[in-house]
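Welcome! Here are a few short exercises to work through with the structure open beside you. Try each task before you read its solution.

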Amino acid sequence: MAVAEIQLPAPGIPTGPLADELLHDESLERVLAAVRGHLGVEIAFVSRYVDGGQRELTHVSTDLQLPMGAGFREPIENSYCWHILEGRLPELIQDASDHPFAKTLAITDFLPVGCHLNLPLRLSDGRVWGSFCAVGRQPDRSLGERDMHVLRAFASLAAERIESSLNDDLELQETRARITEMLDGHAITIFHQPIHALDTGEPVGVECLARFPNTTRRGPDTWFDDANRVGLGVELEMAAVRAALETIGHLPPGKYAAVNVSPSTILSGAVEKALEGVDRAKLVIEVTEQEQVTDFAVLGRHLVRLKEMVRIAIDDVGTGYSGLRHIVDLKPDILKMDMALTRDIHRDPARRALTGALVQLSRDIGCKVVAEGIETIEERAAMAALGVDFGQGYFFARPLPVVAAQQHLLGISDGEDEPDIAPHEVRPMPADTDALPPLRGMSA
């Protein structure tokens, strides 16, 4: 094969730093150790081809004190691997002294190389990524095709693991690029889901909900999870926060907007900076449960500073990280009960008992309770009977475009705006025929 016919590194194969998961892959280390044990050689390694006509050792298994290890680079023409790929040397060398060309390579005398077994590491599409090699310092004429079969099996395992890591790394790069496109906030759409007083039915505010492109296939949780995975969680969340803050001006007088913020973002200090110049009287910061809180004391200190600016709500009470002791320590203004407690509460004594306890706790610490996920008149009535202050859910309204939500808060509705439908929503809107006469203050 002519040298000009081979291009290394192969087009499209990344040659930047290896992902940590691949660089420290224990399975590859076990494969190389098994090769050494089976063949009885001192060295087994994996290498890859990188830019500049070089070969880089990526994984090395040996008990020898060698001057080259993982990360070592050299020109490809200095290596057996390249010349084996070019056809100048065979894949199985029982004794390097049998091959005049091998004697021209400095590594032959430097190690020295006695026996040498090598296979190109090819990806599933045939592109050469690197090589899989075993080297003995003494010749071994017992090595044969059976040993090459074993080497091929181990090389295949290594290639599968490497390609899997490359695919994961590519997916991460694509995810990072996708998240980065969202960071200016222009592609984020904010919907408002109304919140109503359960005693009168009057709307009191909204929760701001971020929606991203292709919402039907990729829900907001997926976007935020992806952002956290590529280290842009706080950045994406703040882009959504800023987009939500821009909608505050649409709120009628006396109504509030709850903006979701994770503990990590609160701890970053970015929220406090974003609140400068905002009408804080209309704002509630809702602490979400996107990740486990490891230090409530530190979070509490940040919330103390935020409470000097805005009201604080704790989300997912009853199912999330916020245990009762931590609720007391964080001193919120609002508790938001998870919709899991709302589901069919009129039929479930346990849910009613827990809700009653949370209502009593709220009274004792001086905060209000919002029940999420109210979808039926029965759930609404049960929550009201238990003393829950406010409700949010399809019984009142789905998340609405900002202007439509403004009209809803004002008691105006033209029915032309399409509500938002999130991917996780499974229960239909209550049919008009299922509803009982409206409570006082609710439009018919």
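**Exercise 1: a glutamate and its partner**

The side chains of glutamate 86 and arginine 88 are joined by a polar contact of 3.5 Å. Keep in mind that this model is predicted.

Task: find the helix in which glutamate 86 lies, and decide whether glutamate 86 is buried or exposed.

Solution. Start with the helix: glutamate 86 belongs to α3, which covers residues 80-86. Next, take its relative accessible area, which is 4%. Buried means under 20%, so glutamate 86 counts as buried.

**Exercise 2: two helices side by side**

Task: work out how helix α2 runs relative to helix α6.

Solution. First locate the pair: α2 spans residues 26-39 and α6 spans residues 145-180. Their axes come within 10 Å and cross at roughly 175°. Angles over 145 degrees count as roughly antiparallel, so α2 is roughly antiparallel to α6. Now look at who makes the contact: α2 contributes residues including Leu28, Val31 and His38, while among those from α6 are Val150, Phe154 and Arg161. Sorted by class, the contact has 10 nonpolar, 2 polar and 2 charged residues.

**Exercise 3: exploring the cores**

Task: in the largest nonpolar core, find which residues touch the most other members.

Solution. This core has 64 residues, and the ones to pick are Ile188, Leu236, Leu245, Val259 and Leu283. Helix α8 (residues 233-245) gives the most to this core, with 8 residues. Then zoom in on isoleucine 188: beyond its neighbours within four places in sequence, its contacts include Met182, Phe212, Leu236 and Ala240. Finally, look for another core apart from this one; it has 28 residues, among them Leu28, Leu39, Leu121 and Leu151.

Definitions and conventions: Residues are numbered from 1 along each chain as its sequence is written. This is a predicted model: local features need pLDDT of at least 70, side-chain atom pairs count only at pLDDT 80 or more; totals for chains, interfaces and linings use all residues. Side-chain values use heavy atoms; hydrogens and water are left out. Axes are lines fitted to C-alpha atoms, for helices over the stretch in contact, and angles run from 0 to 180 degrees between N-to-C directions. Helices (H or I, at least four residues) and strands (E, at least two) are DSSP runs, numbered from the N terminus. Angles under 35 degrees count as roughly parallel, over 145 as roughly antiparallel, 65 to 115 as roughly perpendicular and the rest as oblique. Contact means heavy atoms within 4.5 Å. Ala, Val, Leu, Ile, Met, Phe, Trp, Tyr, Cys and Pro count as nonpolar, Asp, Glu, Lys and Arg as charged, and the others, Gly among them, as polar. A nonpolar core is a set of buried Ala, Val, Leu, Ile, Met, Phe, Trp, Tyr and Cys residues joined through side-chain atoms within 4.5 Å. Buried means under 20% relative accessible area, exposed over 50%, partly exposed in between (1.4 Å probe, protein chains only). A polar contact is a pair of N or O atoms within 3.5 Å; within protein, one must be able to donate a hydrogen and the other to accept it, and residues adjacent in sequence count only if both atoms are side-chain atoms.
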